[in-house]
Every structure is written in structure tokens, then in C-alpha cells.
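The exercises below are meant to be worked through with the sequence and the model side by side. Try each task before reading its solution.

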Amino acid sequence: MKDNIAYCGINCEACEARIATINDDNELRRKVSRLWSELNDIEITLEMINCTGCRVDGVKTIFCDSICPIRQCALEKKVETCGNCPEMEKCEKVGMIFENNDEAYQNLKEYKK
């Protein structure tokens, strides 16, 4: 599971985009594309819902691959996750995730051990 913890601490194993990719499930892709389109107020097509996980080799959604500011920062700093970054506790980028997802914060604290 450690490889499926995203840079921000979110569990990629539970991500429906990853599940749809792993299972080649177009119905789930449709569901995710509709939801993400609504949440982000942009069109996210079925074809965009392909991701094997944030930190593992393989395909990624356009957001995870090149737009996510957290992933881009971690790659630039060459840290395994935000939990390995000395600035994590005061970081506004990853802090937005923690505000809505305490599990992500706990995953990073656990991962760091």
C-alpha cells in the first residue's frame, strides 16, 4: 500500500479513477468523469480517467500528471511524499488536502515511520 499513497497522503488505492483503470471499467470512468466535471466546472472526458497512481509508474490523469501543484512540488523537491518534506506542517498546498481529509495527514505521518 505504501506505493499507493499519493504525495499528499491520499490513498490512491481508493481512488475511483485508479480502480476504473485497473479494472478497465468504462461505467466507473463515466461516473468519475461526470463527478469531476461537475466538481471542477470543466469538461473531463471519459478518456481522461486513466491513472495507475500518483507515485507509481504508469498512466496518470492529466491533473495528477501535470497540473497537481502538490505532485509538482514534491517532484521538484525530490521528496518521496510530502511527509518527507520539512515544510509539510506549514505548507498551504498540502494543507488544503488536510483540511478535508485527516486520513491523508495520518497516512503521511504513518508513511514517514
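Helices (H or I, at least four residues) and strands (E, at least two) are taken as DSSP runs and numbered from the N terminus. The model is a predicted one, in which local features need pLDDT of at least 70 and side-chain atom pairs count only at pLDDT 80 or more, while totals for chains, interfaces and linings use all residues. Residues are numbered from 1 along each chain as its sequence is written, and side-chain values use heavy atoms, with hydrogens and water left out.

**Exercise 1. Describe the chain as a whole, starting with its pattern of helices and strands.**

Solution. Reading along the sequence gives the pattern α-α-α-α-α-α, that is, 6 helices and 0 strands. Next, consider the overall extent: along the principal axes, the C-alpha atoms fill a box of roughly 40 × 30 × 25 Å. The radius of gyration is taken over C-alpha atoms, and the globule rule is 2.2 Å times the number of residues to the power 0.38. For 113 residues a compact globule would have a value near 13 Å, and the 14 Å of this chain agrees with that. Finally, turn to burial, where buried means under 20% relative accessible area, exposed over 50%, and partly exposed in between (1.4 Å probe, protein chains only); 39% of the 113 residues count as buried.

**Exercise 2. Find the buried residues of helix α1 and decide how they are arranged around its axis.**

Solution. Helix α1 spans residues 16-23, and its buried residues are A17, R18, A20 and T21. Seen down the axis, these residues fall within an arc of 160°, so they line one face of α1; the arc is that of the directions from the helix axis to the C-beta atoms. The partner comes next: with contact meaning heavy atoms within 4.5 Å, the buried residues of α1 pack against α2, residues 26-40. After α1 comes D24, with a positive phi near 45°.

**Exercise 3. Carry out the same analysis for helix α4, and name elements that cover its buried residues.**

Solution. In α4, residues 69-77, the buried residues are I70, R71, C73 and A74. They cover an arc of only 160° around the axis, which puts them on the same side of α4. Their cover includes α3 (62-67) and α5 (92-100).

**Exercise 4. Where does D41 lie, and is D41 buried or exposed?**

Solution. D41 is found in the loop between α2 and α3, and at 71% relative accessibility it counts as exposed. Its phi is near 55°, a positive value in a residue other than glycine. As background, most residues other than glycine have a negative phi. K78 offers another case to examine, for it lies in the loop between α4 and α5 and has a positive phi near 60°. At 74% relative accessibility, K78 counts as exposed.

**Exercise 5. Which residues does I44 contact, once its neighbours within four places in sequence are left aside?**

Solution. Begin with the position: I44 is in the loop between α2 and α3. At 13% relative accessibility, I44 counts as buried. With those sequence neighbours left aside, I44 is in contact with S33, W36, S37 and I49. As a last step, compare sequence with space by taking I44 and A14, which are 30 residues apart in sequence and 20 Å apart from C-alpha to C-alpha.
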